[in-house]
Amino acid sequence: MTPLDSDRFRRPVESQDLPPPVEWRPVLPRRKGATKHKLLTERIIADIDAELLRPGARMPTHRDLARALGVSVQTVSISYKEAERHGYLRGEVGRGTFVRNRVTERADRFMLDRSPGQTADLSIIRAVYTEAHERASRQAMARLAEADNSAFMRPCRPIAGLDRHRAAAQTWLRGLGAAAAPDRILITNGAAHGLFLAVAAVVRPGDVVLTENLTDHGIIGLASVLGFTLRGLPTDAEGVLPEAFEAACAAGDVRALVLVPSLGNPTGHVAGDERRRAIAAIAARRGVFVIEDEVCKPLLETMLPSIAEMLPDLGFFATSFTKTLMAGLRVGYLVVPPAYGIRVASIMRVTSWSATNLPAEIATLWIEDGTAEALLRVQRQEARARQAIVAQVLGSHVAATHPLSLCAWLKVPPHWSEEGLVRALAQRAIAVTPSDPFIAGERGRGGIRICLGGRLSHAALGETLAALRATFEQLPPVYDVRIA
């Protein structure tokens, strides 16, 4: 039997891709002063939280629900939009409105914090860890044990970080094309922390924020937490398309663009010099903030400009060491526009007071003595070696990646459903991440992300990828057949 034999299971595409709407007819309470769309929004959210509406379920059409409840179509449309803004629903043009997996549920489901048993965990992007990293870590701990640590263990100010740490950050950032004065730099607890601070400083509930149509799940989670509307933009091999950014800005109400220009998650795209300048020019003309998540930029061997440096009054730049030097070194640097130093520091104060000084001290020592650059070279060497194994073993199954990326985006074979493939791999003790956590725009063909970091040896990686390929090339169970 060949994959083509699955033709006998064929049925119309619509019946596969568009499940029937759920039979959901809520009873709206009467509450003085509450609008009908507010009551309906509350009911949607409550029923999703109570799991009466399950993730992935297709909601009734606006017209059908309006007719059933005796309300206007506009009331249903407003309620669906509000629930979408809070991260409970996802609208897809031409397909309908679907109950969305909550971000925390998706993280629990697809990203393993600990490897159970013999599971090959390819679900988390993390820095490679070798004996060189172990030695560097031990040497740093020994050095700190013998030193006078009062300079960084006693202070609880300044909020933005100790002067010595910010000076080291300035040196590191200069090498990333993000030169900035120390008073524009804040020490953060990783890039995710920096991203939160930047977004919280300029975005208010209801504002429109743009990002890549497939993007890091962190910004998707922030949309739920901070209550802004996130819209995904079409992309190519260099990330966001300038013409799509321009068109979205022309439509109005865009407050910020959050993007990953270097080795983007999950596709590994890299924006070139011309693309970055085009994005910066549009943002300057439209008065839109640009927040660069550049956690992986240190891995690049070619100097590319920072969009934030081209936008001194509108640009934020966040980076860290967790993806490039060591996963446990959770310290990052955030560059802010000159007018935003006090505001961002005040947000940091009420959320974490300040970054943790101990990891910032280790990062500073490593920048000063050259260890950071040495470990960065190890990461690049390992990334290239592991990507070579991916290319050799998986070949045409790879949809997108980069020689220096710590992940790869794989095609879902036409005879598999995405969820079915993830389940089949899990049964073979291989953890991967499907497309759902990364979707900020319209749902496309989908894909699966594999990650290549951690302590996995080259031999173990090769064996795991061979098992993955063998699963791809198997026919699925009859209940998991995907109909093209």
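The following exchange examines a helix pair and several salt bridges in a predicted model.

Author: In this predicted model, local features need pLDDT of at least 70 and side-chain atom pairs count only at pLDDT 80 or more, while totals for chains, interfaces and linings use all residues. Residues are numbered from 1 along each chain as its sequence is written, and side-chain values use heavy atoms, with hydrogens and water left out.

Reader: Why is H17 called oblique to H18?

Author: Helix H17 (residues 418-427) and helix H18 (residues 458-472) pack at about 135°, their axes being 10 Å apart. Angles under 35 degrees count as roughly parallel, over 145 as roughly antiparallel, 65 to 115 as roughly perpendicular and the rest as oblique; H17 is therefore oblique to H18. Helices here are DSSP runs of H or I with at least four residues, and strands are runs of E with at least two, numbered from the N terminus.

Reader: Which residues of H17 and H18 meet, and what is the character of that contact?

Author: Leu421, Ala424 and Leu425 of H17 meet Leu468, Thr471 and Phe472 of H18, where contact means heavy atoms within 4.5 Å. The residues of this contact comprise five nonpolar, one polar and no charged.

Reader: What makes Lys38 and Glu42 a salt bridge?

Author: The term requires a side-chain nitrogen of Lys or Arg within 4 Å of a carboxyl oxygen of Asp or Glu. For Lys38 and Glu42 the N to O value is 3.5 Å, so the pair qualifies. The two residues lie four apart in helix H2 (residues 36-49), and are therefore separated by about one helical turn.

Reader: Why is Lys38 called partly exposed?

Author: Buried means under 20% relative accessible area, exposed over 50%, and partly exposed in between, with a 1.4 Å probe and protein chains only. Lys38 has 42%, and so counts as partly exposed; Glu42, at 32%, is also partly exposed.

Reader: How do you know that Asp436 and Arg90 form a salt bridge, and are these residues buried or exposed?

Author: The closest N and O atoms of Asp436 and Arg90 are 3.9 Å apart, which satisfies the criterion. The pair links distant parts of the chain, 346 residues apart: Asp436 is in the loop between strand S16 (433-434) and strand S17 (448-451), and Arg90 is in strand S1 (residues 89-92). Asp436, at 7% relative accessible area, is buried, and Arg90, at 9%, counts as buried.

Reader: How many salt bridges does a search of the whole structure find?

Author: The search finds 18 salt bridges. Another of the pairs is Asp273 with Arg277, at 2.7 Å from N to O.

Terms used: Axes are lines fitted to C-alpha atoms, for helices over the stretch in contact, and angles run from 0 to 180 degrees between N-to-C directions. Ala, Val, Leu, Ile, Met, Phe, Trp, Tyr, Cys and Pro count as nonpolar, Asp, Glu, Lys and Arg as charged, and the others, Gly among them, as polar.
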